[in-house]
Amino acid sequence: MKRVGVIVGREWSFPPRFIDEVNGRNAGVVAEFAKLGGTRMDEPVPYNVLVDRISHEVPYYRSYLKHAVLEGVTVINNPFMWTADDKFFGASLCAKLGLAHPKTMALPNKDYVPGIVKTESLRNLEYPINWQGIADYVGLPCILKDAHGGGWRGVYVCHSVEELIRYYDSSGLLTMIAQEFIQWDQYVRCMCLGRNLVLPMPYDTNNRRYVPDQNYLSPALRNRVIDDSLKLVDALGYDMNTVEWAIKDGVPYAIDFMNPAPDMDVNSLTPEYFEWVVKHMADLVIDQALNPRPQLAELKWGKLF
């Protein structure tokens, strides 16, 4: 019997429904909540697949999952790539892939950990920051957000240079990016599973809710966001992700695609999208348990890129 372990936080609807779905298939694969209590180096891992929903907020889990990959376990998502990823890297990746993306700049931190003496430790940084140059590049209004953030936290719309500086001054230890604001006509969040399945979901950004509508996109535009989403998750190596597209004048701009633990709550997704996610996540982990894909081979960065 193959075993799937699920590592979760506070979410309540997806994990038990997913576990029941896997176990109800009678496919020779059993799913359960993983239990961890300290890990010895070189310790065998009792799972064939681990589904990671929370290690970005629990550092011990991330260390355990890296260890699991070395032990031959398939981890969804690959913890090494997840650790290395950030939104500015994603912007540069889009440029290399030929995908539409808002103009983006990475900014020096506002504050630093104790021990950094700004007059001595930051000799490589130009000072003062050329705020007008940043505004000229990304345009106004622009978006200021955490390069490692998610869930719409710490995202600001800045209408002037003064507003950009004010929000930046409150960013503390975060590494921020300034990004061109796309005044979209349509907005879609795509659930991407297994690097081969994409579900475009119309998203109401004002009310933070999905709107099930199979006819929201034209067939050609739907095919483009699916194809472009597949290019991104294939390059990133994510088997579970959401890719957000702001569509302006018929062009989909990749807005956010660093979501390796995407929201899968039934109240967020709506029952229709929720059932699709449960079914296809079960398909994914059962296939990975029975037909493992060596993740160690993906850890060679040169080969990845």
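The following is a conversation about the strands, helices and domains of a predicted model.

Visitor: What makes E1 and E2 paired strands?
Guide: Two strands pair if there are at least two bridges between them. Five bridges join E1 (residues 2-7) to E2, and the two run parallel, so they count as a pair. Lys2, for instance, stands opposite Val29 in E2.

Visitor: Which sheet do they belong to, and what makes a strand an edge strand there?
Guide: E1 and E2 are part of an open sheet of four strands in the order E2-E1-E3-E4, with parallel pairing. E2 (29-33) and E4 (74-76) are the edge strands, since each pairs on one side only. From one strand to the next, the twist averages 20°.

Visitor: Which helices lie on this sheet?
Guide: H1 packs on the sheet and touches E1, E2 and E3 (49-52). The direction of H1 makes about 160° with that of E2. H2 (residues 59-70) lies across E1, E3 and E4, and runs at about 150° to E3.

Visitor: Why are H1 and H9 called oblique to each other?
Guide: The axes of H1 (residues 14-24) and H9 (residues 266-290) cross at roughly 55°. Angles under 35 degrees count as roughly parallel and 65 to 115 as roughly perpendicular. The crossing of roughly 55° falls in neither range, nor over 145, and H1 and H9 are therefore oblique. Their axes come within 9 Å, and H1 passes H9 in a right-handed crossing.

Visitor: Which residues make that contact, and of what classes are they?
Guide: On the H1 side they are Phe14, Arg17, Phe18, Glu21 and Val22. On the H9 side they include Phe274, Glu275, Val277 and Met281. The contact divides into 10 nonpolar, no polar and three charged residues. Arg17, Glu21 and Glu275 are among the contact residues, and Glu and Arg count as charged.

Visitor: What makes H4 oblique to H8?
Guide: The axes of H4 (residues 87-97) and H8 (residues 219-236) cross at roughly 120°. The range for roughly perpendicular is 65 to 115, and roughly antiparallel is over 145. Roughly 120° lies in neither, so H4 is oblique to H8. The axes come within 11 Å, and H4 passes H8 in a right-handed crossing.

Visitor: Which residues meet between H4 and H8?
Guide: Phe89, Leu93, Cys94 and Leu97 of H4 meet Lys231, Leu232, Ala235 and Leu236 of H8. By class there are seven nonpolar, no polar and one charged. Lys231 is one of the residues that meet, and Lys counts as charged.

Visitor: Why is one side of E5 and of E7 left without a neighbour?
Guide: E5 and E7 belong to an open sheet of four strands in the order E5-E8-E6-E7, with antiparallel pairing. E5 (104-106) and E7 (156-158) stand at the edges with a single partner strand each, so one side of each has no neighbour in the sheet. The twist averages 25° from one strand to the next.

Visitor: How do you know that E5 pairs with E8?
Guide: A pair needs at least two bridges. E5 and E8 (residues 176-180) have three, in the antiparallel sense, so they pair. Ala106 has Ile177 in E8 as its bridge partner. On this sheet, H7 (residues 161-169) lies across E6 (142-146) and E7, at about 150° to E7.

Visitor: Where do the domains lie along the chain?
Guide: Domain 1 covers 2-83 + 291-304, domain 2 covers 86-101 + 183-257, and domain 3 covers 103-180.

Visitor: What shows that domain 2 and domain 3 are in contact?
Guide: Contact means heavy atoms within 4.5 Å, and 12 residues of domain 2 are in contact with 12 residues of domain 3. Their centres are separated by 25 Å.

How values were computed
Residues are numbered from 1 along each chain as its sequence is written. This is a predicted model: local features need pLDDT of at least 70, side-chain atom pairs count only at pLDDT 80 or more; totals for chains, interfaces and linings use all residues. Side-chain values use heavy atoms; hydrogens and water are left out. Axes are lines fitted to C-alpha atoms, for helices over the stretch in contact, and angles run from 0 to 180 degrees between N-to-C directions. A crossing is left-handed if the near helix is turned anticlockwise from the far one by less than a right angle, and right-handed if clockwise. Domain bounds come from an automatic or database domain assignment.
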